[in-house]
Structure formats: structure tokens, C-alpha cells
Amino acid sequence: MSTEEKVERERSIAIDKQIEDDWKRMKKEHKVLVLGTQGSGKSTIVKQMKIMVGGYTSDEMAEFRLVIYTNLVHLAKTIIWTMRKIGMDCVEEINRTGAEKIFAYEVGSDPSFRLAPDVANAIESLWKDPVIAIVMDKWPHYSDSDLLDSASYFFSHVQRIAQRDYLPCERDVLNARMTADGIAETKFQLGGSSIRVLDTSGLSSERKKWIHCFEAVASIIFCAALSDYDQVLPETNYQNRMVESLILFESVVNSRKIDKSADE
């Protein structure tokens, strides 16, 4: 056997071994696809799964800090906007001034950014204003209802969140909301298996990307929020969210891609 033939044979053996190793790894890896409309709770379920099997590291939790700041300020601004939309104003004069401060405030993008203490004080005071009960009752008719559940939690913890050494806890992470663009992948170990969870964007404009995720799927989790029964999609302002979820579920279960994945 010539030297060239030996090299080719060794290369062929290495390729065969790589294919065998990849096959063994794939057999131990389970791919889970999480589907649903925007605001249906997909990302929250993925975060709960990660917490249950090991949780987040301190560095991973720190990555949610700016998201939580953004949520908190956005929620406060939405309250002010809703209040003005229904022709109301704060009862307390100090909160009228604070509302202007909040409305002009922007969260930075630098990881070293921290929430300003005076803005935190303004948000806390605004939340205690007598007009808030009326505004929160009107909120679902004027603003994104999927943020409503997080509002009370974050406003009640605004002073803790405003601390210079603030590090989000697991409950903060679960309540944090961010609009997912594309497909987010989360990996974790469960027993001797590797779990890959693909969290897809629920925006109707992003659903074409789902088709590339169905290959070799072990499980599909379809999420629908019961609170969607009287809500509309933010991107249309007329399509009922629950109806949209039913339509989407039907299209998913009847997809040829699922049949092909099941055959595999």
C-alpha cells in the first residue's frame, strides 16, 4: 500500500468515525420546538424549563438587567400614555412632575448602565397615585396586555431594581419581557440527554422561519394564553388573539413538515 493510499485510508476512517460520533450525539440530543403567537408565554416556559434543570448563572442573570430596566421604564411610560389617552392626570402634583421626568427618560445600551434613583422614586410614587387603579382597569383596551402581568411585580420592586449592585433574581428573569426576533436556542442537560429548545418568534412576519426548524424535532410545545380571549394582535389591532392561536395551531398540526419529521 502506497503512502498516498495509507493517507486516504486514514482519512476515510476518520470521516467514518466522525459520522458515527455525530450519529451517537444526535441520538442523545432531543430537539424541542416551542411555537405560539406573540405574547403567548413561549419564552417564559423556556425560562422555567432552564430554571428547573439547573437555573441561570450569575453572568446569564446579569444579561437581563438592561431588559428589566427597559421593561420597567416602558411600563411606566405606557401607564402615563394610557392615562393621557383616557383624558386623566395624576391626582398628586408631585406625580405630574414625575411623569414628565419618566417620559423623557431613556434606558442606555451599555452593560454598565444603572437606573437613576430619582427616576425610580418617580416611578414608585406614580404607582401609588390614586388614579392608577382607574388606568390599570382601562389598560387592556389601550395597551399591550401581555405586559400587564409584569407591571405590578416590577413597580413593587423598583427600589431593589434601582440599587447600584442590582443583580436580577429568577423571578425577575421570569417576569422580564422582550420581543424575540428570529429563533432563540437554549441548551441544557437532562439525565444523559442534551435538550435543544428552539424558541420561535410569534410575530406573523417571522413565522416563515419556522419551516426550517421542523427537521428532526422530538417534541413540539404549542403555547396559547387563556387571557387572549378578548385581546387583539398588536400588529393588526383587529384580529382576536385566541382565534389567531387556533388558526395557527391548526396550520401547525396539519403541516407536512411535521409528518416528515415524525417519519424520521
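These legends walk through several close-up views of a predicted model.

**View 1. The whole chain, before we zoom in.** The protein has 264 residues, and 40% of them are buried. You'll find 12 helices and 4 strands here. Take the contacts between residues at least 6 apart in sequence: 71% of those join residues at least 24 apart. About 15,400 Å² of the protein is exposed, with carbon and sulfur atoms supplying 53% of that area.

**View 2. Helix 2 and what covers it.** Which residues of helix 2 are buried? They are K42, T44, V46, K47, M49, K50 and I51. Their cover includes strand 1 (29–36), helix 3 and helix 10 (170–175). Strand 2 (183–190), strand 3 (193–200) and strand 4 (219–223) are also among the elements that cover them. As a bit of background, an α-helix has 3.6 residues a turn, so residues three or four places apart point the same way. Just past the end of helix 2, look for G54, which takes a positive phi of about 155°.

**View 3. A nonpolar patch on the surface.** M52, V53 and L190 make up this patch, and together they have about 310 Å² of accessible area. V53 sits in the loop that runs between helix 2 (42–52) and helix 3 (58–62). Is V53 buried, exposed or partly exposed? With a relative accessible area of 32%, V53 is partly exposed, because that value falls between the 20% and 50% cut-offs.

**View 4. Y56, with a ring on one side of the story and a charge on the other.** The model holds 7 aromatic pairs. In one of them, the ring centres of Y56 and F64 are 5.7 Å apart and the planes meet at 85°, so this pair is edge-to-face. Both Y56 and F64 are buried. Y56 also has K50 lying over its face, 5.4 Å from the ring centre. K50 may ring a bell from View 2, since it is one of the buried residues of helix 2.

**View 5. Y69 and F113, a pair that links distant parts of the chain.** Here the ring centres lie 5.9 Å apart with the planes at 70°, so Y69 and F113 are edge-to-face. Y69 belongs to helix 4 (residues 65–85), while F113 is in the loop between helix 5 (93–104) and helix 6 (117–127); the two are 44 residues apart. Y69 has 0% relative accessibility, so it counts as buried. F113, at 17%, counts as buried too, because the cut-off is 20%. Widen the view a little and ring pairs link Y69, Y105, F113 and Y166 into a cluster.

**View 6. F103 and its neighbours.** F103 is part of helix 5. What sits over its ring? The charged end of R84 does, 5.1 Å from the centre of the F103 ring. Leaving out residues up to four places away in sequence, F103 touches K77, I80, W81 and R84. A76 is also worth picking out: its C-alpha atom is 8.1 Å from that of F103, though the two residues are 27 apart along the chain. As for exposure, F103 has a relative accessible area of 34%, so it counts as partly exposed.

Technical notes
Residues are numbered from 1 along each chain as its sequence is written. This is a predicted model: local features need pLDDT of at least 70, side-chain atom pairs count only at pLDDT 80 or more; totals for chains, interfaces and linings use all residues. Side-chain values use heavy atoms; hydrogens and water are left out. Patches are made of residues with over 30% relative accessible area and no salt bridge: like charges are joined within 9 Å, nonpolar side chains (Val, Leu, Ile, Met, Phe, Trp, Tyr) within 5 Å. Accessible areas come from the Shrake-Rupley method with a 1.4 Å probe; for residues, only the protein chains shown count as cover. A salt bridge is a side-chain nitrogen of Lys or Arg within 4 Å of a carboxyl oxygen of Asp or Glu. Buried means under 20% relative accessible area, exposed over 50%, partly exposed in between (1.4 Å probe, protein chains only). Rings of Phe, Tyr and Trp (its six-membered ring) pair if their centres lie within 6.5 Å; planes under 30 degrees apart count as stacked, over 60 as edge-to-face and the rest as tilted. A charge sits over a ring if NZ of Lys or CZ of Arg is within 6 Å of the ring centre and within 35 degrees of the ring normal. Contact means heavy atoms within 4.5 Å.
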